[in-house]
Every structure is written in structure tokens, then in C-alpha cells.
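Good morning, everyone, and thank you for making the time. Please have a look at the sequence and the model on the screen before I begin.

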Amino acid sequence: RRYRKAILAAAEKILRLLLQGPVTMADWNAVLGAEYPRWCGDPRLAHDALYQRLGRARADIQALLQTILPKDWLVS
């Protein structure tokens, strides 16, 4: 439940950023980290595990935003 709520909040922020211009992967990661720091920024996580979590979250946001945006807006 917390993950879904964080993804929705992050998607809204990403959408606002996209309306201003290009958004880098680092921007996506920063938004995710701000929305769900416990899940995306746990210092005990191995680098690979964190990378997988952020990748999954970015993919979930992209899937959500693709329902309303052209695909080329979501490629960084």
C-alpha cells in the first residue's frame, strides 16, 4: 500500500517536471528517494538491490504515465 501511494505521488512530481522539460534518471531517482526514502534510500541495501528497486519504481511510474503521455516524453 505504501509503495503504491509513493509511486502515485512520485508520478505526479515527475509529470510536473516533464512539463517543464527533459527529466534525467537522476531526477527520477531523487523524486523516488524523496517520496519513499525508507524503501529507496536504505543504507543497508547493496548497490545492486537499490538499483533494482529504483528501476522497478521508474518502470511502474513510466507505465502509469504512458497512459496519458507520449512515449518519447518518458525517455531520458
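I will talk first about the core, then about one helix, and finally about the salt bridges.

Please keep in mind throughout that this is a predicted model.

Let me begin with the inside. The largest nonpolar core has 19 residues, and the members that touch the most others are Ile14, Leu32, Ile61 and Leu65. The elements giving two or more residues to this core are α1, which runs 2-20, α2, which is 25-35, α3, which is 37-40, and α4, which is 47-65. Of these, α1 provides the largest share, with seven residues. As general background, nonpolar side chains in soluble globular proteins tend to be buried together.

Now I would like to turn to α4. This helix has 19 residues, and from its first C-alpha to its last it reaches 27 Å, which is close to the 27 Å expected at 1.5 Å a residue. Which residues of α4 are buried? They are Leu54, Ala57, Arg58, Ile61 and Leu65. If we look down the axis of α4, these buried residues fall within an arc of 100°, so they line one face of the helix. It helps to remember that an α-helix has 3.6 residues a turn, so residues three or four places apart point the same way. The buried residues of α4 pack against α1, α2 and α3, whereas Asp48 and Gln52, on the other side of α4, are exposed.

That brings me to the charged side chains. How many salt bridges does the structure hold? There are three.

In one of them, Arg16 pairs with Glu12, and their closest N and O atoms are 2.8 Å apart. Because these two residues are four apart in helix α1, about one helical turn separates Arg16 from Glu12. Arg16 counts as exposed, at 52% relative accessibility, while Glu12, at 43%, is partly exposed.

Another salt bridge joins the side chains of Lys13 and Glu35, at 2.6 Å from N to O. This pair links distant parts of the chain, since Lys13 is in helix α1 and Glu35 is in helix α2, 22 residues apart. Lys13 is partly exposed, with a relative accessible area of 40%, but Glu35 is buried, at 14%.

The remaining salt bridge takes us back to α4, where Arg56 and Asp60 lie four residues apart, about one turn of the helix. Their side chains meet at 3.8 Å, N to O. Arg56, at 46% relative accessible area, is partly exposed, and Asp60, at 30%, is partly exposed as well.

Terms used:
Residues numbered from 1 in each chain as written. Predicted model: local features only at pLDDT ≥ 70, side-chain atom pairs only at ≥ 80, totals over all residues. Heavy atoms only, no water. Core = buried A, V, L, I, M, F, W, Y, C linked by side-chain atoms within 4.5 Å. Buried < 20%, exposed > 50% of the residue type's maximum accessible area, 1.4 Å probe, protein only. Expected span 1.5 Å × (residues − 1). Arc of directions from axis to C-beta. Contact = heavy atoms within 4.5 Å. Salt bridge = Lys/Arg side-chain N within 4 Å of Asp/Glu carboxyl O.
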